Amino acid sequence: MQVNRDHIGIFGKMNSGKSTLMNMLTQQETSITDSTPGTTADTKVSFIELHGLGPVKLFDTAGLDELSGLGTKKKQKVLNVLKECDLVIMVVDPSTNNFETESLVVTHARELDKQILIVFNLFENSAPDTSAIQAIIPELRFFLPSVTLRAIDQGERAMLIDFVLKNYEPSDRQVELLPFVEPGEFYILNIPMDKETPEGRFLRPQSMAVEAITRKWAYPVSYRMNLKIARSENTAHEKKRFDDFLASFTKKPKGIITDSQAMDIMSNWVPADIMLTTFSIMMINFGSNGRLETFYDGATVLDNLHEGDKILIAEACNHSRIQEDIGTVQIPAIIKKRYPKVEVEFNFGREFQQNEKLSEYRLIIHCGGCMISNQKLKARLRDLHNFDVPITNYGVFLSWAQGQNALNRVMKPWLTKF
Ligand SMILES: Nc1nc2c(ncn2[C@@H]2O[C@H](COP(=O)(O)OP(=O)(O)OP(=O)(O)O)[C@@H](O)[C@H]2O)c(=O)[nH]1
Ligand code: SF4
Ligand SMILES: [Mg+2]
């Protein structure tokens, strides 16, 4: 049987103690260690079982600062190993003073949305030289999780393992798209199409939901709500159409997944005994590997905003925007009404991590993230966590805007505390 192993790579400058750290992890002389710079000429691989993490594939790499004839080729080889890794452990000798190599590793790893942990390896028997550590590029200093140890001292192995277990999220943690769906039940998908809705297909979250419900031997039924009429004087007409639709089932539908922007209508129209949630919430729970609670917790900030606070609305793709766009029009309008003095900024597309101001925001409101990989979304969450910036999501926000009861209701299918 194929074993699913996490790939953990050890990177850094020559002589920083990478091979020594490898041997600390494997508890044997897997890699040759020597004070001659460039001892590890080629990547050394080891398969081990790490208590608490399971089977892993370890890579001990050549120093990335090797400048000899083979240097560039080697560098490329090391960077190819980095691509394969789920976790990048960077070993830093804080007594050195040129950190270009470390900067290169971090830049590459971040571009590839890798998880990065820093090990400061102390060579002298003295206390950590904090001034040297302070001098290291800012990202290493306050941004990425780090541990300070002596790689040569096996007695510090437990500390290293604890550090990795505490800060690393294994790669295979996947969640179901719709864990609450039960076989033989009807689930309604509320899809209020507008001018920008592409013809010939459903949007990704909608088609994913249809597939997931069908796969579980349940029945997806799509419904197109006319939001314009629902919000107009003729609302009774649209409400009757919806009520008639619900009444047409011989077996009451178990749940409704709605476009988040219809929450103002749905939170009032959907009978209390039918479960209600939104596509955006479904997607963000899936993309974050089940971290919906983080987005719920983020929404609590919305009850306590002050003049001058800045909110960042983040959309993971550059789709075409209509007049009544959720991210650029509807959400800012709700914020402005409640908090006229709170500033709203926008971040469209994939360059989120390059937004140097991330730490200045009081809250991030993120879209469903259906066009980015789970890995990228999780990298965003890690950055925000490291900066201590709360995040919520469009579906959570638009439900919060309908009151705490509506918010609790859309959370109920996902979180046991509701
Ligand atoms: N005193 C002390 N020596 C260490 C420590 N870690 C590594 N060393 C020594 O430093 C030298 C270099 O360590 P290596 O583990 O070979 O370093 P490396 O990063 O793998 O180096 P290259 O393979 O050349 O890139 C060896 O002689 C190690 O024994 C440490 O924590 N304390
Ligand atoms: S990535 Fe975000 S903005 Fe783009 S379509 Fe998906 S939910 Fe909408
Ligand atoms: Mg080595």
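1. A polar contact here is a pair of N or O atoms within 3.5 Å. With that in hand, start at K18: an N or O atom of its side chain sits 2.8 Å from an oxygen atom of ligand 1. Please keep in mind as you look around that this is a predicted model.

2. Backbone atoms take part as well. A polar backbone atom of G17 lies 3.0 Å from an oxygen atom of ligand 1, and a polar backbone atom of L122 is 3.3 Å from an oxygen atom of the ligand. Of the 650 Å² of accessible area that ligand 1 has on its own, the protein covers 87%.

3. Now for the wider surroundings of ligand 1. There are 23 residues around the ligand, and those that come nearest are K18, S19, T20, G38 and T40. Which helix gives the most to this shell? Helix α1, spanning residues 18-26, does so with 3 residues. By class, the shell holds 13 polar, 6 nonpolar and 4 charged residues.

4. Next, have a look at the largest pocket, which holds about 970 Å³ of space. Its lining is made up of 34 residues. To find the centre of this pocket in the viewer, go to L203, D259, H319, I326 and C370, the lining residues that lie nearest to that point.

5. Where does the lining of the largest pocket come from? Domain 2 (186-282) and domain 3 (291-400) each contribute at least three residues. Among the helices, α7 (204-215), α11 (279-287) and α13 (326-338) each supply at least two residues.

6. One last point, on the character of that lining: how many of the residues lining the largest pocket are nonpolar? The count is 16, alongside 10 polar and 8 charged residues. For the shell around ligand 1, the matching figures are 6 nonpolar, 13 polar and 4 charged.

Technical notes. Residues numbered from 1 in each chain as written. Chains lettered and ligands numbered in written order. Predicted model: local features only at pLDDT ≥ 70, side-chain atom pairs only at ≥ 80, totals over all residues. Heavy atoms only, no water. 1 Å grid on protein atoms, 1.4 Å probe; cavity = no way out; pocket = protein on both sides within 12 Å on 5 of 7 lines; lining within 4 Å. Points joined across faces, edges and corners; volume = space filled by probe spheres on them. Helix = DSSP H or I, 4+ residues; strand = E, 2+ residues; numbered from the N terminus. Nonpolar A, V, L, I, M, F, W, Y, C, P; charged D, E, K, R; others polar. Domains from an automatic or database assignment. Near = heavy atom within 4 Å. Polar contact = N/O pair within 3.5 Å; in protein donor to acceptor, adjacent residues only side chain to side chain. Areas by Shrake-Rupley, 256 points an atom, 1.4 Å probe, with all protein chains shown as cover.
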